[in-house]
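Hi there,

Here is the structure I promised to hand over. Have a look at it first, and then read on for what I found.

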Amino acid sequence: MNDRLEPMPVQTEPAPTAVVGAVLRAARENRGLAIEQLADTLKVPRFKLEALEADRFDLLSDPVFARALVASVCRALKIDAGPVLARLPRPAPAPIRTDD
């Protein structure tokens, strides 16, 4: 019997049920970047990235901006934006106006 402990594999990818903020935070941390560094690279205020990583999309200006910011973060971190964008909450469709 082997008494040596084998190292546990480290999970570098978030679980499939992880939310957008957790995915982005894990990718940033895997790159060894502080949130301030990413904010400087993207030229966005730190609080917007903090809101994104906290899944507080209500603190961002609108859903279109949130999607664009997620895409930019993914590009900066060199990860595929498609699966991350697919996890974003979908905005409610605008009501159709009818002029009577």
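K43 sits in the loop that joins α2 to α3. This is a predicted model, so please read everything below in that light. The phi of K43 is positive, near 60 degrees, and K43 is not a glycine. Is K43 buried or exposed? With a relative accessibility of 74%, K43 counts as exposed, because the cut-off for that class is over 50%.

K78 tells a similar kind of story. Its place is the loop between α4 and α5, the latter spanning 81-86. K78 is not a glycine either, yet its phi is positive at about 60 degrees. K78 has a relative accessible area of 65%, which means that it is exposed.

Two further positive phi values turn up just after helices. G32 follows α1 and has a phi near 75 degrees. D55 comes just after α3, with a positive phi of about 55 degrees.

Now for the overall picture. The protein has 5 helices and 0 strands, so you will read the pattern α-α-α-α-α along the sequence. Of its 100 residues, 29% are buried. Among the contacts with a separation of 6 or more, 52% are between residues 24 or more positions apart. The accessible surface is about 7,400 Å², and carbon and sulfur atoms account for 57% of that.

The helix pair I would look at next is α1 (residues 20-30) and α4 (residues 63-77). Their axes come within 10 Å and cross at roughly 25 degrees. That angle makes α1 roughly parallel to α4, because angles under 35 degrees fall in that class. The crossing is left-handed.

Which residues make the contact between α1 and α4? On the α1 side they are V20, L24, A27 and R28, and they meet V70, V73, C74 and L77 in α4. By class, the residues of this contact divide into 7 nonpolar, no polar and 1 charged. As a reminder on spacing, an α-helix has 3.6 residues a turn, so residues three or four places apart point the same way.

Helix α1 also has a set of buried residues: V20, G21, V23, L24, A26, A27 and R28. The cover over them includes α2, α3, α4 and α5. V20, L24, A27 and R28 therefore appear both in the contact with α4 and among the buried residues of α1, where buried means under 20% relative accessible area.

G21 deserves a closer look within α1. How accessible is G21? Its relative accessibility is 0%, so G21 counts as buried. Not counting residues up to four places away in sequence, G21 touches L52, E53 and D55. D55 is the residue with the positive phi just after α3. If you would like a long-range pair to check, G21 and L88 are 67 residues apart in sequence, while their C-alpha atoms are 9.6 Å apart in space.

Two of those partners of G21, L52 and E53, belong to the buried residues of helix α3 (residues 46-53), which are L49, A51, L52 and E53. What lies over the buried residues of α3 includes α1, α2 (35-42) and α4.

Last, there is L33, in the loop between α1 and α2. At 26% relative accessibility, L33 counts as partly exposed. Leaving aside neighbours within four places in sequence, L33 is in contact with R28 and L77. Both R28 and L77 also take part in the contact of α1 with α4. L33 and L77 are 44 residues apart in sequence, and their C-alpha atoms are 9.2 Å apart.

That is what I have for now. Happy to talk it through whenever it suits you.

Best wishes

Technical notes
Residues numbered from 1 in each chain as written. Predicted model: local features only at pLDDT ≥ 70, side-chain atom pairs only at ≥ 80, totals over all residues. Heavy atoms only, no water. Axes fitted to C-alpha atoms, helices over the stretch in contact; angles between N-to-C directions. Helix = DSSP H or I, 4+ residues; strand = E, 2+ residues; numbered from the N terminus. Parallel < 35°, antiparallel > 145°, perpendicular 65-115°, else oblique. Left-handed = near helix turned anticlockwise from the far one by under 90°. Contact = heavy atoms within 4.5 Å. Nonpolar A, V, L, I, M, F, W, Y, C, P; charged D, E, K, R; others polar. Buried < 20%, exposed > 50% of the residue type's maximum accessible area, 1.4 Å probe, protein only. Areas by Shrake-Rupley, 256 points an atom, 1.4 Å probe, with all protein chains shown as cover.
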